[in-house]
Amino acid sequence: MTDIECITRAVIQNEDKLLVCRGKGKSNWFFPGGHIEKGESAPQALLRELEEELGATGEVIRFLGASENTFIMNGKKIQEINLVFEVALDEHAMIESKEAHLEFEWFTLDELQELNVFPLSLRDAILSGVQQKTLIWASEGFE
């Protein structure tokens, strides 16, 4: 049986920019968030992850959609489901990594189209959904 990782992701917008993060020294970016732990709802997990990673509090505004994807990491096939939410950070939130291995940066929608934001299908769905205000769905890596 294959384990399926359940991930919650935040779309955080500041004017015409979206917040993404990456592991320091890595080339691929991703939307902030992380694993949903047993007993947590997806929004609870997302707010916990944002506080752990950014030291920021905020509010989950609405569910934006979901994506599924598979990829190979360290020779192992990984499958994940991403639940994506629009999040508004508290107005005085400082965007500064609280975890030494992560860095965060704001990018315009045009800049994001040129970045390796994984999964790429989720990046494209978010970019399209943010502009059109539609529910997103993305699937990648399945045969």
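**A helix, a mixed sheet and two lone cysteines**

Helix 1 covers residues 42-54, which makes 13 residues. From its first C-alpha to its last it reaches 18 Å, close to the 18 Å expected at 1.5 Å a residue. The model shown here is predicted.

Look next at the residues helix 1 hides. Its buried residues are Ala-42, Ala-45, Leu-46, Arg-48, Glu-49, Leu-50, Glu-53 and Leu-54. The list holds charged residues such as Arg-48, Glu-49 and Glu-53. An α-helix has 3.6 residues a turn, so residues three or four places apart point the same way. What covers the buried residues of helix 1? The cover includes strand 1, strand 3 (17-23), strand 4, strand 6 and strand 7 (102-108). Just after helix 1 comes Gly-55, with a positive phi of about 70°.

Now turn to the sheet. Strands of a sheet pair through backbone hydrogen bonds, either parallel or antiparallel. Here 5 strands form an open sheet, and their pairing is mixed. Their order is 4-1-6-5-8. Strand 4 (33-35) and strand 8 (136-140) are the edge strands, and each pairs on one side only. From one strand to the next, the twist averages 20°.

One pairing is worth tracing. Strand 1 (residues 4-11) runs parallel to strand 6 (residues 76-89), and 8 bridges join the pair. Within it, Arg-9 stands opposite Val-84 of strand 6.

Strand 5 (residues 58-73) is where Glu-59 sits. Which residues does Glu-59 touch, leaving aside those up to four places away in sequence? They are Leu-47, Glu-86, Val-87 and Ala-88. Leu-47 falls within helix 1 (residues 42-54), while Glu-86, Val-87 and Ala-88 fall within strand 6 (residues 76-89). Lys-17 can be set beside Glu-59 as well: the two are 42 residues apart in sequence and 18 Å apart in space, C-alpha to C-alpha.

Last come the cysteines. A disulfide is a covalent bond between the sulfur atoms of two cysteines. How many disulfides does the model have? The count is 0. To count, two cysteine sulfur atoms must lie within 2.5 Å. The sulfur of Cys-6 has its closest cysteine sulfur in Cys-21, 19 Å away, so the gap is too far for a bond. Seen from Cys-21, the closest cysteine sulfur is that of Cys-6, again at 19 Å and too far for a bond.

Are these cysteines buried or exposed? Cys-6 counts as partly exposed because its relative accessibility is 40%. Cys-21 is buried, with a relative accessible area of 0%.

Note on methods:
Residues are numbered from 1 along each chain as its sequence is written. This is a predicted model: local features need pLDDT of at least 70, side-chain atom pairs count only at pLDDT 80 or more; totals for chains, interfaces and linings use all residues. Side-chain values use heavy atoms; hydrogens and water are left out. Buried means under 20% relative accessible area, exposed over 50%, partly exposed in between (1.4 Å probe, protein chains only). Two strands pair if DSSP finds at least two bridges between them. Helices (H or I, at least four residues) and strands (E, at least two) are DSSP runs, numbered from the N terminus. Axes are lines fitted to C-alpha atoms, for helices over the stretch in contact, and angles run from 0 to 180 degrees between N-to-C directions. The expected span of a helix is 1.5 Å times one less than its number of residues. Contact means heavy atoms within 4.5 Å.
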